[in-house]
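Subject: Structure for your files

Hello,

Here is the structure I promised to send over. My notes on it follow below.

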Amino acid sequence: MKKLITILSITSTILFSCTSEKNTPCHSENKRIEKEPSILGMDISHFQNDINWVDMKEDGVNFVFIKASEGTNFKDPKFKKNHAAAKSECIYRGAYHFYETGKDPAKQAQNFIEAVGKLVPGDLPPALDLEELGVKTAVDKETYQKNTLHWLKIVEKELGVRPIIYSDPSFGDKYLDHPDFDKYQLWVAEYTKSNSPKVPETWKNKGWLIWQRTDSKKLEGMKGNVDYDIFNGDAEKFKKLLKK
């Protein structure tokens, strides 16, 4: 009798596990990206105003990076709303911070962590936006590298996930030639008609993870244009990035 109870218990556990997996809110989305020829995304901030997330999915959007913070004090007022809406519609989502020179990198990291809170299952790694517009005050390359690497290390330690670096080829070659940047995967911004983007020299051998192909994509789910991205890999590689 004890043996029968044990067998029934194990069987119930297996059945519950399988049923639970199939009934998770994003099970259908997991299956969708397995069939997609390309895994496509966008990156947004409060500037995009209200978004129709159902239409976003119909437009083929699989993932979105949402601005969470900037500098030491600014938190994007629509981050929480956009993050919750994307999660509700089973669009994979990540958060990014816009880095500014002249401001304490540790305080910038804390600002981002406060905005994001804890990562939840299905979240993409956090991203650090490094670009010319973030150079608000004059800075030498060594200081820039030291400070941005400090931000990356703090966020990785606090959130338990290694961040992604967003940059463009020219800025990357100018400021991001320290070998430690190679530890981080690259989200490259390069607007070209070529089949693949240029990458900064630091990532020449590693290559790119995400490619922002344009900043003027028109989608039905929002007014105006938006940054549009493509993931470099298949569904299996993409799912390995997600918070478990």
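A salt bridge here is a side-chain nitrogen of Lys or Arg within 4 Å of a carboxyl oxygen of Asp or Glu. R32 and E36 fit that description, with their closest N and O atoms 3.3 Å apart. Please keep in mind throughout that this is a predicted model.

Overall picture

The protein has eight helices and nine strands. Of its 244 residues, 46% are buried. Among contacts with a separation of 6 or more, 65% are between residues 24 or more positions apart. The exposed surface comes to about 13,000 Å², and 52% of it is supplied by carbon and sulfur atoms.

Salt bridges

Side chains of opposite charge can pair when their charged atoms come close. The count for this protein is 13 salt bridges. In the R32 pair above, E36 is partly exposed, at 26% relative accessibility.

K75 and E114 form another salt bridge, at 3.2 Å from N to O. K75 belongs to strand β3 (residues 74-75) and E114 to helix α5 (residues 105-116), so this pair ties together parts that are 39 residues apart in sequence. Both side chains belong to partly exposed residues: K75 has a relative accessible area of 34%, and E114 has 48%.

E100 and K103 also meet in a salt bridge, with 2.7 Å between N and O. Here E100 is buried, with a relative accessible area of 6%, while K103 is partly exposed at 36%. Finally, a network of salt bridges links K31, E34 and K239.

Helix α2

Helix α2 covers residues 27-35, and its buried residues are E29, R32 and I33. Viewed down the axis of α2, these fall within an arc of 90 degrees, so they line one face of the helix. They pack against α3 (53-58), β2 (61-70), β4 (92-98) and α8 (235-241).

Helix α6

Helix α6 takes in 19 residues (141-159); at 1.5 Å a residue it should span 27 Å, and its end C-alpha atoms are indeed 27 Å apart. Its buried residues are Y144, Q145, T148, L149, W151, L152, V155 and L159. Their directions from the axis of α6 fall within an arc of 150 degrees, so they too line one face of the helix. An α-helix has 3.6 residues a turn, so residues three or four places apart point the same way.

The buried residues of α6 pack against β4, α5, β5 (127-129), β6 (164-167) and α7 (169-175). On the face turned away from the buried side, α6 carries the exposed residues E142, K146, K157 and E158. At the N-terminal end of α6, D140 acts as a cap: one of its side-chain oxygens lies 3.2 Å from the backbone nitrogen of E142. Just after the helix, G160 takes a positive phi of about 75 degrees.

T202

One loop residue is worth listing as well. T202 sits in the loop between β7 (186-189) and β8 (210-218). Is T202 buried or exposed? Its relative accessible area is 17%, and buried means under 20%, so T202 counts as buried. A polar atom of the T202 side chain lies 2.5 Å from the backbone oxygen of L176. Setting aside neighbours within four places in sequence, the residues in contact with T202 are L176, D177, H178, F181 and D182.

Regards

Key. Residues are numbered from 1 along each chain as its sequence is written. This is a predicted model: local features need pLDDT of at least 70, side-chain atom pairs count only at pLDDT 80 or more; totals for chains, interfaces and linings use all residues. Side-chain values use heavy atoms; hydrogens and water are left out. Helices (H or I, at least four residues) and strands (E, at least two) are DSSP runs, numbered from the N terminus. Buried means under 20% relative accessible area, exposed over 50%, partly exposed in between (1.4 Å probe, protein chains only). Contact means heavy atoms within 4.5 Å. Accessible areas come from the Shrake-Rupley method with a 1.4 Å probe; for residues, only the protein chains shown count as cover. A polar contact is a pair of N or O atoms within 3.5 Å; within protein, one must be able to donate a hydrogen and the other to accept it, and residues adjacent in sequence count only if both atoms are side-chain atoms. The arc is that of the directions from the helix axis to the C-beta atoms. The expected span of a helix is 1.5 Å times one less than its number of residues.
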